[in-house]
Amino acid sequence: MSVSSVTRYIKSLIDSDEVLSDVMVRGEISNFKRHYSGHCYFTLKDSEATLKAVMFRGRAQFLKFEPRDGLKVIAGGQISLFERDGQYQLYVQQLVPEGMGELGLAFIQLKEKLSAEGLFDDDRKKSLPLLPGAVGIVTSPTGAAIKDIITVAKRRYAGVHLFLYPVQVQGPEAPTQIARGITLLSHSGKVDVLIVGRGGGSIEELWAFNDERVVRAIASSPIPVVSAVGHQTDYTLADFVSDRRAATPSQAAEIVVPDSSDLMKYIHTLSGNLARLMDNILSNRRHRLNICLSSRILARPELILLEKRQTLDNYIQSMQEVISQTILTKRHSFNIAAEKIAVLNPLAVLERGYSIIRTQDKQVIKRIGQAGIGEKLEVVLSDGTVCVEVLDIQGENKI
Amino acid sequence: MRKKAETNKIMPFEDALAKLETVVKELEGGELSLEDALEKFAEGMKLSKVCLARLNTAERDIDKILREEKETLVEYPLELEEADI
């Protein structure tokens with residue numbers, strides 16, 4: 001058999017072994033090297049044995065801690081044979097400090113599962129109310145956390161109502177209690193927003209906030225949840241699923257409760273604006289009104305009357321003129337007519353020396369044939385009548 | 001679910017503030033009749049009073065500790081000094 005075929009045979013034996021295909025190994029890191037390619041090579045050892053290990057870049061880039069020599073870890077992965085060196089080694093998929101123990105692996109696995117469900121997605125995040133009327137708090141009734149939250153919240157906004165659901169924040173009962181508190185408070189209708197957390201502690205002490213029940217209770221809260229698990233560096237799953245993450249309980253109170261004096265200033269500004277705008281509107285209207293009031297007509301309404309009176313006077317005057325003109329014309333015509341009449345007056349003819357001769361029964365004599373000799377006739381003169389007797393009658397006038 | 005928060009039934013602060021901002025914008029627009037402007041102004045002043053009143057409340061003894069007893073939430077005054085469990 002060639003070296004290759006023997007090696008390949010051994011490799012196939014190892015690869016077909018169920019235990020070796022998914023194994024978790026506890027040990028201490030030594031000879032740790034991070035290759036420039038990003039792959040990590042190291043040896044796991046305990047007091048009696050060593051095991052070569054490799055973690056490829058695809059997994060190593062997600063490491064939450066910096067592996068170093070001497071660190072006790074738990075490495076999960078598959079053991080196989082590297083044919084070139086004839087060396088079996090652990091191909092590491094997961095690597096956590098032993099401090100977290102199996103919990104650490106469970107954490108990573110749970111995180112991946114919940115993340116795949118979309119529980120940590122940004123579009124699930126709810127925005128916080130500007131000014132919460134009431135804040136629910138799920139934490140220990142005895143720790144510094146609740147004291148800090150109360151102090152900060154009340155300092156920023158004295159009117160905020162706080163509802164504490166007291167729980168144990170560590171120990172075996174903690175996850176159930178915390179999850180229960182979140183569910184009850186978030187559905188109680190009493191509060192607008194929830195703070196869930198505790199003061200700082202070791203990873204183990206914070207572990208309840210990595211519990212799936214707690215994470216799911218936060219995810220199904222109808223109101224926004226702010227996590228405040230007092231640890232600057234490590235994120236718990238509660239931090240990932242919450243709508244906001246605060247590093248400390250005090251900071252959570254600052255995030256949830258606004259500084260009411262800032263808000264007051266803003267509202268004073270708004271109401272000041274309101275007053276100023278109303279002033280502007282009023283003075284604008286007043287100005288327009290004044291323009292109208294100062295117009296000539298409204299200032300001296302009698303002018304309208306005067307104008308009318310003047311017009312009336314004009315009419316009256318022209319009427320009078322028309323009338324007197326008419327009278328003059330009529331009088332003139334009358335005079336002419338009167339003169340004509342005077343000319344035609346028979347009495348006027350008598351004045352000029354003519355006379356009218358008539359019989360005694362008043363027949364005017366116009367022809368000699370109408371008179372007879374010896375007939376008595378009347379001669380009408382301008383100032384009276386003369387009675388005469390016809391002596392002779394001759395034809396033709398001799399005058 | 002018998003308890004429908006007595007504190008939450010008044011107009012939420014955000015709504016009052018948003019309305020106040022709207023009123024200010026409307027007055028800034030200058031399109032309003034005098035009657036409407038006066039009405040909006042009065043509304044705005046009322047809203048700002050509502051907002052300020054909300055901010056100024058400093059009630060004491062309003063904070064509660066909630067304990068579950070026989071499937072219901074029971075409220076007790078929140079007094080930390082005595083709560084040394």
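Biologist: Let's start with one residue. Is A:V226 buried or exposed, and why?

Modeller: A:V226 counts as buried because 26 C-beta neighbours lie inside 10 Å. The cut-off for calling a residue buried is 20 or more other C-beta atoms within 10 Å. Keep in mind that this is a predicted model.

Biologist: Where does A:V226 sit, and which residues is A:V226 in contact with?

Modeller: A:V226 belongs to strand β9 of chain A, residues 225-229. Setting aside neighbours within four places in sequence, the contacts of A:V226 are A:V193, A:I195, A:S242, A:D243, A:R244, A:A246, A:A252, A:I255 and A:V256. One more distance to look at in your viewer: 15 residues along the chain from A:V226 comes A:V241, and their C-alpha atoms are 9.4 Å apart.

Biologist: Happy with that. How do I read a helix, say α5 of chain A?

Modeller: Begin with the length. Helix α5(A) covers residues 144-156, and at 1.5 Å a residue its 13 residues should span 18 Å; the end C-alpha atoms are 18 Å apart, so the two agree. Then look for the buried side. In α5(A) the buried residues are A:A145, A:I146, A:D148, A:I149, A:I150, A:V152 and A:A153.

Biologist: What do the buried residues of α5(A) pack against?

Modeller: Their partners in chain A are three strands, β6 (134-139), β7 (161-166) and β8 (193-198), together with helix α9 (249-256).

Biologist: Now the barrel. In which order do the strands close?

Modeller: In chain A, five strands close into a barrel in the order β1-β2-β3-β5-β4, with mixed pairing. From one strand to the next, the twist averages 55°. Helix α1 of chain A, residues 3-15, packs on this sheet and touches β4 (72-82) and β5; the direction of α1(A) makes about 135° with that of β4(A).

Biologist: Could you take me through one pair of strands?

Modeller: Take β3 (residues 50-55) and β5 (residues 87-97) of chain A, which pair in the parallel sense over two bridges. To find the place on screen, look for A:A53, which stands opposite A:L90 in β5(A).

Biologist: And how do the whole chains look?

Modeller: Chain A has 13 helices and 13 strands, and 26% of its 399 residues count as buried. Chain B has two helices and two strands, in the pattern α-α-β-β along the sequence. Of the 85 residues in chain B, buried ones make up 24%.

Biologist: How can I tell what share of the contacts joins residues 24 or more positions apart?

Modeller: Take the contacts with a separation of 6 or more, and ask what part comes from residues 24 or more positions apart. In chain A that part is 60%, while in chain B it is 37%.

Biologist: Last topic: the interface. How many residues does each chain bring?

Modeller: In general, the size of an interface is often given as the accessible area lost when the parts come together. Here we can count residues instead: the contact takes 40 from chain B and 34 from chain A. On the side of chain B that touches chain A, the elements giving two or more residues are α1 (13-29), α2 (34-56) and β1 (64-69) of chain B. Helix α2(B) gives the most, with ten residues. By type, that side of chain B divides into 24 nonpolar, five polar and eleven charged residues.

Biologist: Which strands are joined by bridges between the chains?

Modeller: Strands β7(A) and β1(B) run parallel and are joined by two bridges. For a spot to zoom in on, the bridge partner of A:F163 in β1(B) is B:K64.

Definitions and conventions
Residues numbered from 1 in each chain as written. Chains lettered and ligands numbered in written order. Predicted model: local features only at pLDDT ≥ 70, side-chain atom pairs only at ≥ 80, totals over all residues. Pairing = 2+ DSSP bridges. Helix = DSSP H or I, 4+ residues; strand = E, 2+ residues; numbered from the N terminus. Axes fitted to C-alpha atoms, helices over the stretch in contact; angles between N-to-C directions. Contact = placed C-beta atoms within 7 Å. Expected span 1.5 Å × (residues − 1). Buried ≥ 20, exposed ≤ 12 C-beta atoms within 10 Å, placed from the backbone. Nonpolar A, V, L, I, M, F, W, Y, C, P; charged D, E, K, R; others polar.
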